[in-house]
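Trainee: I am new to this structure and would like a close look at a single part of it. Please show it to me before I ask.

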Amino acid sequence: MKKCVFAGTFDPFTAGHAETVKKSLALFDETIIAVAENRKKKCLFTAEERTEMLTLLYRDEPRVKIVQFDGAIVDLLKAENTPFYVRGVRNTVDFEYENADFFASRQLDPNMITLYIPAEQGLLHVSSSLVKNCIAFNKPFAQYVPAPVYDYIMKRGCYVPKTE
């Protein structure tokens, strides 16, 4: 069985992230979505909340496994017994960041294989930061996240749609 890891803070998980998972499932038997604790980022949602969103989103997809992790990606790949690390890229900025991270990680594990999956053109502008800004400024964001993620955020009450 071939499996891969797709890791990120996913704060929150976007339509672009979902597209990357969809494409990884076309290549692999299992995709492990790893919710990362990133001490450098100030997250809107806790790791537990981000995991809950993903669990709701993929509850009917047995080929998706959701885990939380805090540490080096090479350690997670080893724990999951796979060399395959999937990264979604939207632009050259993403590519440069991911490539630098790849070369640093490759020093720790020369067997690591990173696959870059380019974003669809209609999703190039979608990011977790965009969604968080929409929430902060009370602007619509449903088109940027999968429906279960949107529903979760709405139930949490951090966004109140304006009525005209």
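Trainee: In which loop is F10 found?

Mentor: F10 is found in the loop between β1 and α1. Before the details, some ground rules. This is a predicted model, in which local features need pLDDT of at least 70 and side-chain atom pairs count only at pLDDT 80 or more, while totals for chains, interfaces and linings use all residues. Residues are numbered from 1 along each chain as its sequence is written, and side-chain values use heavy atoms, with hydrogens and water left out.

The setting comes next. The protein chain has six helices and five strands; here helices (H or I, at least four residues) and strands (E, at least two) are DSSP runs, numbered from the N terminus. Read from the N terminus, the order is β-α-β-α-β-α-β-α-β-α-α. The radius of gyration of the protein chain is 16 Å, close to the 15 Å that the globule rule gives for 164 residues, so the chain is as compact as a globular protein of that length. That radius is taken over C-alpha atoms, and the globule rule is 2.2 Å times the number of residues to the power 0.38. Buried residues make up 46% of the 164 residues, where buried means under 20% relative accessible area, exposed over 50% and partly exposed in between (1.4 Å probe, protein chains only).

Now the strand that leads into the loop. Strand β1 covers residues 3–8 and includes A7; F6 lies in β1 too. A7 is buried, with a relative accessible area of 3%, and F6 is buried with a value of 3%. Contact means heavy atoms within 4.5 Å. Leaving aside neighbours within four places in sequence, A7 is in contact with A34, F69, I73, Y85 and R87. One of these, I73, is 66 residues from A7 along the chain, yet their C-alpha atoms are separated by 8.0 Å. F6, not counting residues up to four places away in sequence, touches residues including F13, H17, T20 and V21, as well as I32, A34, V86 and R87. A136 lies 130 residues from F6 along the chain, and the C-alpha atoms of the two are separated by 27 Å.

The loop itself has two backbone features to look at. F10 has a positive phi of about 50 degrees although it is not a glycine, and at 4% relative accessibility F10 counts as buried. The second feature is the peptide bond from D11 to P12, which is cis, with omega near -5 degrees. P12 is found in this loop between β1 and α1, the helix of residues 15–27. As background, most residues other than glycine have a negative phi, and most peptide bonds are trans.

For contrast, look at N81, in the loop between α3 (73–79) and β4 (84–89). Phi of N81 is near 60 degrees, a positive value in a residue other than glycine. N81 counts as exposed, at 68% relative accessibility, whereas F10 is buried.

To return to the part you asked about: β1 holds the buried residues F6 and A7, and the loop between β1 and α1 holds F10 with its positive phi and P12, which follows D11 through a cis peptide bond.
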